[in-house]
Amino acid sequence: MAGNWKMYKTAKDTRAYFAKFLPLVNGVADREIVLCPPFPNLEAAVSEAQGSQVKIGAQNLYWGKEGAVTGEVSGPMIHAVGCTHVIIAHSERREYFNESEEDVTRKTKAALEAQLNPIVCVGERLGERESGQTERVLREQFQGGIGPLAPEEFAQIVIAYEPVWAIGTGKTATPEIAEEAHRMIREEARRRFGEDAAAKVRILYGGSVKPENVKSLMAKEEIDGVLVGGASLDPQSFAAIVNF
Ligand code: PGA
């Protein structure tokens with residue numbers, strides 16, 4: 001159950017959030033909880049989450065370890081703060097920062113090298129869905145970005161299926177639509193990495209997940225978890241999602 005705060009909250013807000021959130025998820029042992037605040041709040045989040053089962057992730061990384069790359073943050077830096085996860089190629093990164101499938105591969109490898117668990121995002125745009133290209137897009141994203149990973153690298157990633165038309169729009173994919181897309185992704189995984197790896201890889205659904213719809217999404221066998229944007233900003237609503 002992962003939350004992506006995007007470009008919201010300060011370090012002070014982060015502390016206030018954890019004070020409310022942690023008691024609400026205390027004792028939840030059968031699911032992994034990850035929160036991904038903006039870079040300047042990672043340290044506060046890691047310190048607040050200490051001793052709890054909540055893990056902290058970043059929302060992006062650069063693939064180099066260090067260097068003259070103004071404005072970027074590397075995997076080892078994120079790991080050094082105490083993060084365990086990093087989101088890669090969120091659709092907003094693909095859209096506003098032109099991240100390519102090549103970036104996906106480079107960033108995923110860099111994250112693993114820095115001992116971070118990558119949450120790699122894929123998903124089609126509205127126009128692509130409406131023109132019947134969902135399957136092609138998902139297969140191309142998989143083959144282009146994830147396919148080049150080594151099998152032992154693939155075994156360590158989490159995939160997030162986030163249809164762009166469902167992100168922040170209030171339009172959730174129906175559990176059936178999400179399930180169908182997850183199946184396509186898993187089939188690509190089977191083709192490239194084999195039966196066992198495909199069965200084991202966790203695929204999260206993301207796009208307008210709310211306390212009201214999480215249960216029906218999680219009821220689908222293909223859906224292993226959720227990546228939550230807007231509804232993760234409120235501690236009560238994210239706790240309700242975690243505790244679905
Ligand atoms: P949303 O965002 O839950 O606000 O739709 C999901 C995401 O972009 O990860």
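## The barrel

Eight strands close into a barrel in this predicted model. They follow the order E1-E2-E3-E4-E5-E6-E7-E8, and their pairing is parallel. From one strand to the next, the twist averages 25°.

## Strands E2, E3 and E4

A good place to start looking is strand E3, which covers residues 54-58 and is mostly covered, with 4 of its 5 residues buried. On one side, E3 is joined to strand E2 (residues 33-36) by 3 bridges, and the two run parallel. If you want a residue pair to find in your viewer, take Leu35, whose bridge partner in E3 is Ile56. Between these strands the chain passes through helix H2 (residues 42-49), going from E2 to E3 in a right-handed β-α-β crossover.

E3 also pairs with strand E4 (residues 85-88), again in the parallel sense, over 2 bridges. Here Gly57 is the residue that stands opposite His85 in E4. The route from E3 to E4 leads through helix H3 (residues 75-81), and this β-α-β crossover is right-handed.

## Strands E6 and E7, with helix H9

Further along the chain, strand E6 (residues 158-161) and strand E7 (residues 202-206) run parallel and are joined by 4 bridges. Tyr161 has Tyr205 of E7 as its bridge partner.

Helix H9, made of residues 175-193, packs on the sheet here. H9 touches E6 and E7 as well as strand E5 (117-122), and the direction of H9 makes about 145° with that of E7.

## Helix H7

How far apart should the ends of H7 be, at 1.5 Å a residue? Helix H7 has 13 residues, 134-146, so the expected span is 18 Å. Its end C-alpha atoms lie 17 Å apart in the model, which agrees.

Several residues of H7 are buried, and they are a mixed group: Thr134, Val137, Leu138, Arg139, Gln141, Phe142, Gly145 and Ile146.

## Pro235 in helix H12

Pro235 belongs to helix H12, which takes in residues 235-242. Is Pro235 buried or exposed? Its relative accessibility is 11%, and buried means under 20%, so Pro235 counts as buried.

Which residues does Pro235 touch, leaving aside those up to four places away in sequence? The contacts are Tyr17, Lys20, Phe21 and Leu24. Glu101 makes a handy distance check: its C-alpha atom is separated by 33 Å from that of Pro235, and the two residues are 134 residues apart along the chain.

Conventions: Residues numbered from 1 in each chain as written. Predicted model: local features only at pLDDT ≥ 70, side-chain atom pairs only at ≥ 80, totals over all residues. Heavy atoms only, no water. Expected span 1.5 Å × (residues − 1). Buried < 20%, exposed > 50% of the residue type's maximum accessible area, 1.4 Å probe, protein only. Pairing = 2+ DSSP bridges. Axes fitted to C-alpha atoms, helices over the stretch in contact; angles between N-to-C directions. Contact = heavy atoms within 4.5 Å. Right-handed = clockwise from strand over helix to strand, strands pointing away.
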